[in-house]
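Visitor: I am new to this structure and would like to learn how to read it. Please show it to me and take me through its features step by step.

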Amino acid sequence: MPVTVCTDLLQAGGYWRGFGYFEELALRMDAVGATTIDEFVLRAYGDAGSTDLAAARLHNTDQYVERLAADPRYHAESHRKGPRKIGRLLKFFDCVTCNKCIPVCPNDANFSVRMPSTPQVPVTKARQIVNFADFCNDCGNCDVFCLEDGGPYILKPRLFVSRERWLRDAPRDAVLIEPDAISGRFDGQVVRVVTGEACGDDPRALALCSLRDALLDPGEANYVSEFLRCEAAG
Ligand code: SF4
Ligand code: SF4
């Protein structure tokens with residue numbers, strides 16, 4: 001299994017884990033008295049004195065690979081177990097709500113909103129997972145950690161605040177939230193509910209209304225609510 005910085009940044013914590021890298025780098029640079037990266041490259045493995053940067057890089061890589069190969073943590077046997085799955089397909093609303101998809105997203109695209117259950121849109125979980133599609137680059141990492149199948153970034157409500165990007169995203173299912181309406185594309189069909197008008201009895205329109213209410217609940221602050229607030233403020 002190749003282990004790279006990207007592998008690590010796709011664990012829970014995402015780019016925040018980068019702080020640890022810089023702290024460790026600073027400690028190691030201090031330890032060898034290096035004040036620049038080039039100095040560190042030359043001195044990292046006790047080769048102070050050499051000025052051949054290219055040779056030092058190759059030499060350091062050899063040392064690094066040797067250390068990794070000797071560490072059982074990086075051996076294939078330590079990574080035979082696949083991620084745990086419960087054999088159920090994700091739906092638009094409700095899931096195990098383990099919340100793993102939130103911290104493992106390197107782009108912070110997944111979040112949850114409080115959504116009360118109603119007779120029209122009954123849900124079993126107090127909070128629903130949603131995906132801010134503008135931040136998502138389809139890397140698939142949340143699917144790896146999700147206990148259910150299908151991928152949160154595909155099957156959970158994918159939210160756009162830009163009509164242009166929502167249209168460009170077709171034919172995928174996605175929700176567009178604008179100040180005057182909420183629109184959902186479901187299997188290629190568009191359902192639109194105008195703000196202030198009745199939701200009707202189409203289950204898709206009712207789901208959109210519940211979603212809009214949850215996202216714009218005055219007690220919630222999320223990408224969508226803040227974007228719309230900024231738009232309203234000009
Ligand atoms: S697929 Fe999207 S939501 Fe999932 S981890 Fe990657 S960027 Fe985040
Ligand atoms: S979508 Fe998957 S990872 Fe996210 S909370 Fe639900 S079950 Fe957990």
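Guide: Let us begin with the labels: helices (H or I, at least four residues) and strands (E, at least two) are DSSP runs, numbered from the N terminus. With those labels we can place a residue; Pro171, for instance, sits in the loop between α7 and β4. Please keep in mind that this is a predicted model.

Visitor: Which residues are joined by a cis peptide bond?

Guide: First, the general idea: most peptide bonds are trans, and most residues other than glycine have a negative phi. Here, the bond between Ala170 and Pro171 is cis, with omega at about 10 degrees. As we saw, Pro171 belongs to the loop between α7 and β4.

Visitor: And which residue other than glycine has a positive phi near 70 degrees?

Guide: That is Asp94. Asp94 is found in the loop between α4 (53–70) and β1 (110–114), and Thr97 lies in the loop between α4 and β1 as well. Thr97 is not a glycine either, yet its phi is positive, about 55 degrees. Asp94 counts as partly exposed because it has 16 C-beta neighbours inside 10 Å. Thr97 has 15 other C-beta atoms within 10 Å, so it is partly exposed.

Visitor: Now the strands. In which sense do β3 and β4 pair, parallel or antiparallel?

Guide: Strand β3 (residues 158–160) pairs with β4 in the parallel sense, over two bridges. You can find one contact by looking at Phe160, whose bridge partner in β4 is Leu176. Between β3 and β4 the chain passes through helix α7 (residues 163–168), and this β-α-β crossover is right-handed.

Visitor: How does the chain go on from β4 to β5?

Guide: A hairpin with two residues joins β4 to β5. The pairing of β4 with strand β5 (residues 181–186) is antiparallel and has five bridges. Ala174 stands opposite Arg185 in β5, and Ile177 has Ile182 in β5 as its bridge partner.

Visitor: Which residue of β6 stands opposite Arg185?

Guide: It is Val190 that faces Arg185. Strand β6 (residues 189–194) pairs with β5 in the antiparallel sense over six bridges. The hairpin of β5 and β6 has two residues between the strands, and in this hairpin Asp187 takes a positive phi near 45 degrees. For your own look at any such strand, remember that in a regular strand the side chains alternate between the two faces of the sheet.

Visitor: Is β4 enclosed, and α2 in the open; how many residues of each are buried?

Guide: A residue is buried if 20 or more other C-beta atoms lie within 10 Å of its own. In strand β4 (residues 174–178), four of the five residues are buried, so β4 is largely enclosed by the rest of the structure. For α2 the number buried is zero out of 14 residues, so α2 lies largely in the open.

Visitor: How many residues does helix α2 have, and how far does it reach?

Guide: Helix α2 (residues 18–31) has 14 residues. From first C-alpha to last it reaches 20 Å, close to the 20 Å expected at 1.5 Å a residue. Just after α2 comes Gly33, with a positive phi of about 70 degrees.

Visitor: Which residues come nearest to ligand 1?

Guide: There are 13 residues around ligand 1, and Cys105, Cys136, Cys139, Cys142 and Tyr153 come nearest. The shell around ligand 1 divides into six nonpolar, six polar and one charged. Around ligand 2 there are 15 residues, with Cys95, Cys98, Cys101, Cys146 and Pro152 coming nearest. For ligand 2 the shell holds 10 nonpolar, two polar and three charged residues.

Visitor: To finish, what domains is the protein divided into?

Guide: The division gives domain 1 (5–79) and domain 2 (110–233). The centres of domain 1 and domain 2, taken over C-alpha atoms, are separated by 42 Å.

Notes
Residues are numbered from 1 along each chain as its sequence is written. Chains are lettered from A and ligands numbered from 1 in the order in which they are written. This is a predicted model: local features need pLDDT of at least 70, side-chain atom pairs count only at pLDDT 80 or more; totals for chains, interfaces and linings use all residues. A residue is buried if 20 or more other C-beta atoms lie within 10 Å of its own, exposed if 12 or fewer, and partly exposed in between; C-beta atoms are placed from the backbone. Two strands pair if DSSP finds at least two bridges between them. A crossover is right-handed if, with the strands pointing away from the viewer, the path from the first strand over the helix to the second runs clockwise. A residue is near a molecule or strand if its C-beta atom, placed from the backbone, lies within 6 Å of it. Ala, Val, Leu, Ile, Met, Phe, Trp, Tyr, Cys and Pro count as nonpolar, Asp, Glu, Lys and Arg as charged, and the others, Gly among them, as polar. The expected span of a helix is 1.5 Å times one less than its number of residues. Domain bounds come from an automatic or database domain assignment.
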